[in-house]
Amino acid sequence: MDDKYFMNKAIDVCKKGIAKGQAPFGACIVKDGEIIALTHNTVLKDINPCSHAEVNAIAKACKKIDNIDLKGAVLYSTTEPCPMCFSASHWAKISRIVYGCTIKDSAKAGYHELPVSNKFLASKENKKERIELVPKFMRKECLELFKLAKNKHERVY
């Protein structure tokens with residue numbers, strides 16, 4: 001299994017979230033080649049602005065391994081994590097983030113984003129613990145999720 005396989009899992013779970021009326025964001029966390037969390041955005045369902053796909057995945061992964069240290073894990077996200085989600089990844093010691101769309105793409109699609117890139121945030125980390133970033137991976141497929149959500153929902157969140 002490779003990055004494409006796991007990103008497709010994040011895309012699939014994102015589509016499930018869209019079908020449930022949620023915003024188009026999906027995340028998959030993999031450690032030692034095994035999926036330990038696969039979640040989508042649940043902000044509207046939970047009535048919680050912190051229920052982003054990545055934060056949900058980090059919480060689920062930590063519970064699954066009964067530890068808050070996700071060192072060695074890879075986070076696959078359909079969109080570049082927002083500053084909150086990147087910070088949660090930092091605190092959980094995620095080793096690598098692979099994402100599709102950029103924060104700019106998300107803002108263009110109508111989502112309320114802070115224009116702070118993961119590259120900038122990673123540059124502030126200690127070099128020994130810096131999260132490896134793989135940007136714009138399967139970006140085209142991930143951009144389609146914004147179109148799917150727009151067609152499915154009457155408003156943008």
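These are my notebook entries on a predicted model of one protein chain.

**Entry 1: overall fold**

I began with the secondary structure. The chain comes to 7 helices and 5 strands. Reading along the sequence, I wrote the order down as α-β-β-α-α-β-α-β-α-α-β-α.

I then looked up the dimensions. The C-alpha atoms fill a box of roughly 45 × 30 × 30 Å along the principal axes. The radius of gyration is 14 Å, and this agrees with a compact globule, because a chain of 157 residues would then have a value near 15 Å.

For contacts with a separation of 6 or more, I noted that 62% are between residues 24 or more positions apart.

**Entry 2: surface and charge**

I looked up burial for the whole chain: 46% of the 157 residues count as buried. The exposed area is about 8,700 Å², and carbon and sulfur atoms supply 54% of it.

The chain has 27 positive and 18 negative charges. I compared where the two sets sit, and their mean positions are 3 Å apart.

**Entry 3: salt bridges**

How many salt bridges does the structure hold? I find 6, and I went through some of them by residue.

I took E34 and K64, which form a salt bridge with the closest N and O atoms 3.4 Å apart. The pair links distant parts of the chain: E34 belongs to strand β2 (residues 34–40) and K64 to helix α3 (residues 53–65), with their positions 30 residues apart. E34 counts as partly exposed, because its relative accessibility is 43%.

Next I looked at E132 and R96, whose side chains meet in a salt bridge at 3.5 Å, N to O. This pair also links distant parts of the chain, with E132 in strand β5 (residues 132–134) and R96 in strand β4 (residues 96–101), 36 residues apart. Are the two partners buried or exposed? E132 has a relative accessibility of 44%, so I put it down as partly exposed. R96 is at 19%, so it counts as buried; the cut-off for buried is under 20%.

The last pair I checked was E144 with K147, a salt bridge of 3.3 Å between the closest N and O atoms. Both residues lie in helix α7 (residues 139–152), 3 residues apart, or about one turn of the helix. E144 is partly exposed, with a relative accessible area of 41%. I also noted a network: salt bridges with shared partners join D3, R96 and E132.

**Entry 4: helix α4**

I then moved to helix α4, residues 83–92. Which of its residues are buried? I listed P83, C85, F86, S89 and A92. The buried residues of α4 pack against α3, β3, β4, α6 (118–123) and β5. Just after α4, I found K93 with a positive phi of about 65 degrees.

**Entry 5: I68**

I looked up I68, which is in the loop between α3 and β3 (74–79). Its relative accessibility is 67%, so I68 counts as exposed. Leaving out residues up to four places away in sequence, I68 touches C62, W91 and A92. A92 is on my list of buried residues in α4. I also took a distance to L114: from I68 it is 46 residues away in sequence and 26 Å in space, C-alpha to C-alpha.

**Entry 6: E54**

E54 lies in helix α3. Is this residue buried or exposed? At 5% relative accessibility E54 counts as buried. Apart from residues up to four places away in sequence, I find E54 touching A27, L75, S77, T79, P81 and C85. C85 is one of the buried residues of α4. E54 and A37 are 17 residues apart in sequence, and I noted 9.6 Å between their C-alpha atoms.

**Entry 7: S106**

I finished with S106, whose place is in helix α5 (residues 103–108). With a relative accessible area of 0%, S106 is buried. What does S106 touch, not counting residues up to four places away in sequence? I wrote down F25, T79, Y111, E113 and F146. T79 also appears among the residues that E54 touches.

Technical notes: Residues are numbered from 1 along each chain as its sequence is written. This is a predicted model: local features need pLDDT of at least 70, side-chain atom pairs count only at pLDDT 80 or more; totals for chains, interfaces and linings use all residues. Side-chain values use heavy atoms; hydrogens and water are left out. Helices (H or I, at least four residues) and strands (E, at least two) are DSSP runs, numbered from the N terminus. The radius of gyration is taken over C-alpha atoms; the globule rule is 2.2 Å times the number of residues to the power 0.38. Buried means under 20% relative accessible area, exposed over 50%, partly exposed in between (1.4 Å probe, protein chains only). Contact means heavy atoms within 4.5 Å. Accessible areas come from the Shrake-Rupley method with a 1.4 Å probe; for residues, only the protein chains shown count as cover. Lys and Arg count as positive and Asp and Glu as negative; His and the chain ends are not counted. The place of a charge is taken as NZ of Lys, CZ of Arg, CG of Asp or CD of Glu. A salt bridge is a side-chain nitrogen of Lys or Arg within 4 Å of a carboxyl oxygen of Asp or Glu.
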